[in-house]
Amino acid sequence: MTERYVAARRALIERLQDRGIRDLNLLRIFDLVPRHEFLPEAVRHRAYEDAAVPIGFGQTASQPSLQALYMQLLELEPHERVLEIGTGSGFQTAILAHLADRVYSVERVRELSVRARASLDRLRFSNVALLVGDGTIGWSRFAPYDAILVSAAAPDIPQPLISQLTAGGRMLVPVGTRESQRLMLVRRTPGGIEQEEVIDCTFVPLLGRFGWAEEVG
Ligand code: SAH
């Protein structure tokens, strides 16, 4: 780890604790994964701020405390398989790779996926599969998934993703308008689909067949 980031990262871990993240394993993993390695050079100095950071193509790497909350809510077990929609920088993908057995992540912007792959390879992650495409239809090839995490805002819960959950599977997805959303925790139970609103949030739009229409320029 680059020495100059050590103190900043420590401060971020303290900030996560202040924001209610108590799970020691999760805090250890945030301490382990170098967020700066996933960010473009120009914004690396902001890697350990608890803030969303621009990564190009109009996209942002999500705020770490929100990502930690996501992880806490998903309650991943080490043997589980996870689908992530919106690879973005790949930082959250790396956190998931520490918590779960295998991670499958779909990103619609090819350049971001290529960059994320390079970062994950450099850090020697070997349990992550990336796909370039429309994540609103999920990734049927490796379904079903124990958990699905959607990192972009949807107008409704994308139906294909529900059908790619295992029995007992959990999904987190921000649902609302393009401007503001509610983070929804969806569970597939023997009795049907359960939904719970968690918090208000603001994500970049999920563009695709079961998301928002892509702007026609
Ligand atoms: N967790 C990521 C968040 C990236 S922002 C990080 O911390 O870096 C959300 C990402 O979702 C963007 O990269 C955007 O390109 C992507 N996205 C939007 N719609 C998508 C879709 N239909 N399928 C896959 N990715 C999508």
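A residue is termed buried under 20% relative accessible area, exposed over 50%, and partly exposed in between. The exercises below concern a predicted model.

**Exercise 1. Backbone geometry and exposure**

Task: Determine where F57 and E75 are placed, and whether each counts as buried, partly exposed or exposed.

Solution.
1. F57 belongs to the loop between β1 (53–56) and β2. Its phi is positive, about 60 degrees, although F57 is not a glycine.
2. The relative accessibility of F57 is 43%, so this residue counts as partly exposed.
3. E75 lies in the loop between α3 and β3 (81–85). E75 likewise is not a glycine, yet has a positive phi of about 45 degrees.
4. With a relative accessible area of 54%, E75 is exposed, because the cut-off for that class is over 50%.
5. As background, most residues other than glycine have a negative phi, and most peptide bonds are trans.

**Exercise 2. A cis peptide bond and a buried helical residue**

Task: Identify the configuration of the peptide bond from A143 to P144, and state how far the C-alpha atom of P144 is from that of A68.

Solution.
1. The bond from A143 to P144 is cis, with omega near 5 degrees.
2. P144 is located in the loop between β5 (128–132) and β6.
3. A68 is part of helix α3 (residues 64–74), and its relative accessible area of 0% makes A68 buried.
4. The two C-alpha atoms, those of A68 and P144, are separated by 24 Å, with the residues 76 apart along the chain.

**Exercise 3. A side-chain contact in a loop**

Task: Which side chain does the side chain of S151 contact, and is S151 buried or exposed?

Solution.
1. S151 occurs in the loop between β6 (145–150) and α6 (159–163).
2. Its relative accessibility is 10%, under the 20% limit, so S151 counts as buried.
3. The side chain of S151 makes a polar contact of 3.0 Å with the side chain of Q92.

**Exercise 4. The ligand and its surroundings**

Task: Describe where the ligand sits, which residues surround the ligand and which atoms approach its oxygen atoms.

Solution.
1. The ligand occupies the largest pocket.
2. It is surrounded by 26 residues, the closest being Q67, S89, E107, G135 and L207.
3. This shell comprises ten nonpolar, 13 polar and three charged residues.
4. β2 (59–61) and β4 (102–107) each supply at least two shell residues; β2 gives the most, with three.
5. A ligand oxygen atom is 2.7 Å from an N or O atom in the side chain of S89. For the side chain of Q67, the corresponding distance is 2.9 Å, and a polar backbone atom of S62 is 3.0 Å from a ligand oxygen atom.
6. The protein covers 99% of the 580 Å² of accessible area that the ligand has on its own.

Notes
Residues numbered from 1 in each chain as written. Predicted model: local features only at pLDDT ≥ 70, side-chain atom pairs only at ≥ 80, totals over all residues. Heavy atoms only, no water. Near = heavy atom within 4 Å. Polar contact = N/O pair within 3.5 Å; in protein donor to acceptor, adjacent residues only side chain to side chain. Areas by Shrake-Rupley, 256 points an atom, 1.4 Å probe, with all protein chains shown as cover. 1 Å grid on protein atoms, 1.4 Å probe; cavity = no way out; pocket = protein on both sides within 12 Å on 5 of 7 lines; lining within 4 Å. Sits in = over half its atoms within 2 Å of the grid points. Helix = DSSP H or I, 4+ residues; strand = E, 2+ residues; numbered from the N terminus. Nonpolar A, V, L, I, M, F, W, Y, C, P; charged D, E, K, R; others polar. Buried < 20%, exposed > 50% of the residue type's maximum accessible area, 1.4 Å probe, protein only.
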